[in-house]
Amino acid sequence: MVQTTFKKNIIFSLLALFLFFAAAEGICRLFYHPNDSRGLRAKDMFTYDRDKLFTLKKNYEGSFARSPVRTNSFGHRDRETSVAKPEGTVRILTLGDSVTFGHGVEQAAIYPDRLEALLNAQEGRPRFEVINTAVPGNSPYQIYYDFERGLQFEPDVALIQFTLNDVIRPFVMLRRFGGVGLDHVDDLPYWHFWLSSRSAFFLFMWDMSERIQYGAPRSERHRAAIRKRYLESKRLVLEPEAPDLEAAWQESFKWFRKQDELCRLYQVTCVLVASPYRFQLSLPESEGHPQRRLRDFAAAHGWRYVDLLPVFRKAIQIKLTRRLGLSENTAYEELLNSHADLIEKEARRYFLDHDHYTPKGHAIVAKALKRVIQSL
C-alpha cells in the first residue's frame, strides 16, 4: 500500500511539473519567439560551430542587415562551387568579417564578386574564381578556421581582410575574454544554442538572469557593446601604447602566425587587406598606427600588404580637387585642413556606417585588389 502511494505521488509530481513547464512555455511564447529572435536561433542566418562558436548556415535564404542573403552548400555567401579546382583556374579565397561578407549590400555589389568579374573581363588570362568565406563577427581566430576549411578548394591566393574592431571584438563580445556575450558572437556551449532555438521559457529565464547580472535588457546591452567596440577601435588609433590594447593585438598576431603556417604549408600566397574605419579619413596620415602594425607583420612574414586607407584617401582627393578646381597635386592634408566637412561628406559615399562599405566603396576595393592580383 505504501509503495503504491509512493508511485502515485511520483506520477502526480511529474505530471504537475509537466503541466507547469507546459503552461510556462505557452505564456512565454507570447513574449519570446525561439525561432525568430536575436542570436543563434533556428531561423537566423547563423548556426553554432564547435571550433569558432558560430558560422553561416548552409543553403540559407533570408536577410541580414536589411539585405537579401543566400548561402551555398558550404555555408558561404557565394554561388555554388565545386571542391575540385577546374584546370587552368586561379582560385582566390577571401577571408574576413562583415566587411567582406557585404553587410547591408546585395551580393552582386560586394567586392569579392566585383573582383571576380573584373579579373575575368580580361582576355588572354587564366580564369579566376573568387570564393567568399567571410562571416560577420569574425576575428582572427575564427578566420583561421575558415582558412583551414577553405584549403579544400586548393586556393592559389588568400585575401585576408582585417578591420580595426577585429582586434578588440573578442574582448568586448566573448565571455572567456571578459566580454558580455551578445548576438551571434555569444561565447556559449551547444546546449544553449539547442535550448534557445526551441524553448521560449528558456529564453525568458536566460533573459532574466542577464538582467540581474548586467542590470539592463539585452537590446540595451547590445547597443552599448557596439558603442564600446567603436570607441575601443578609436583607441587603437589614438592610444596605440595602451597596455590593454596591446594584449588584444598580441592575441590577434598569435592567430595571424597560425594563418601564416597554413600559407607556407600549402603554398598559398597570402595577402593581408587592412580595411579602415571611416573616422580615419578625417585624421592626419600620421595617425595610421594600426595600419603600420599590420604592414610590419606582413613584411616580417613575406605577405603582400594592401592598406585601403590611402586608397580611399586618393579617391576622395581626386574627387574634391576636381570639384573645387584645385591642382590635382593638392595634398590630402591640405584638403583636410581647409575642407574637412567635404571630406566627411565624401567618406559617407563609400561607407554605410563606421566600417562597412557602400556599393561604391566595394567597387573601389575591388579595383585596388585587381591591381594586386595582377601583380602577383
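**Close-up views of a predicted protein model**

Of the 376 residues in the protein, 52% are buried (under 20% relative accessible area, where over 50% is exposed and anything in between is partly exposed, with a 1.4 Å probe and protein chains only). The structure is a predicted model in which local features need pLDDT of at least 70 and side-chain atom pairs count only at pLDDT 80 or more, while totals for chains, interfaces and linings use all residues. Residues are numbered from 1 along each chain as its sequence is written, and side-chain values use heavy atoms, with hydrogens and water left out.

**Figure 1. Overview of the protein.** The protein contains 14 helices and 9 strands (DSSP runs numbered from the N terminus: helices are H or I with at least four residues, strands are E with at least two). Among contacts (heavy atoms within 4.5 Å) with a separation of 6 or more, 70% are between residues 24 or more positions apart. The accessible surface amounts to about 18,300 Å², and carbon and sulfur atoms contribute 56% of it (Shrake-Rupley method with a 1.4 Å probe; for residues, only the protein chains shown count as cover).

**Figure 2. Salt bridges of Glu-344.** The protein has 18 salt bridges (a side-chain nitrogen of Lys or Arg within 4 Å of a carboxyl oxygen of Asp or Glu). In one of them, Glu-344 pairs with Arg-278, with 3.5 Å between the closest N and O atoms. Glu-344 belongs to helix H13 (residues 340-347) and Arg-278 to the loop between strand S8 (269-275) and helix H10 (289-300), so the pair links parts that are 66 residues apart in sequence. Glu-344 is partly exposed, at 22% relative accessible area, whereas Arg-278 is buried at 11%. Glu-344 also forms a salt bridge with Arg-348, at 3.1 Å from N to O; Arg-348 is partly exposed, with a relative accessible area of 48%.

**Figure 3. The salt bridge between Arg-323 and Glu-346.** The closest N and O atoms of Arg-323 and Glu-346 are 2.9 Å apart in this salt bridge. Arg-323 lies in helix H11 (residues 308-324) and Glu-346 in helix H13, so the pair ties together parts 23 residues apart in sequence. Arg-323 is partly exposed at 46% relative accessibility, while Glu-346 is buried at 1%.

**Figure 4. Helix H11 and its surroundings.** The 17 residues of H11 should span 24 Å at 1.5 Å a residue, and the end C-alpha atoms are indeed 24 Å apart (the expected span is 1.5 Å times one less than the number of residues). The buried residues of H11 include Leu-308, Phe-312, Ile-316 and Leu-320. The packing partners of the buried residues of H11 are S8, H10, strand S9 (304-307), helix H12 (332-338), H13 and helix H14 (359-375). At the N-terminal end, Asp-307 acts as a cap, with a side-chain oxygen 3.1 Å from the backbone nitrogen of Leu-309. Just after H11, Gly-325 adopts a positive phi of about 70°.

**Figure 5. A nonpolar surface patch.** Phe-6, Ile-10, Leu-14, Leu-17, Phe-20 and Phe-21 make a nonpolar surface patch of about 620 Å² (patches consist of residues with over 30% relative accessible area and no salt bridge; like charges are joined within 9 Å, and nonpolar side chains, namely Val, Leu, Ile, Met, Phe, Trp and Tyr, within 5 Å). Phe-20 is located in helix H1 (residues 2-28) and is partly exposed, at 49% relative accessibility.

Terms used. A polar contact is a pair of N or O atoms within 3.5 Å; within protein, one must be able to donate a hydrogen and the other to accept it, and residues adjacent in sequence count only if both atoms are side-chain atoms.
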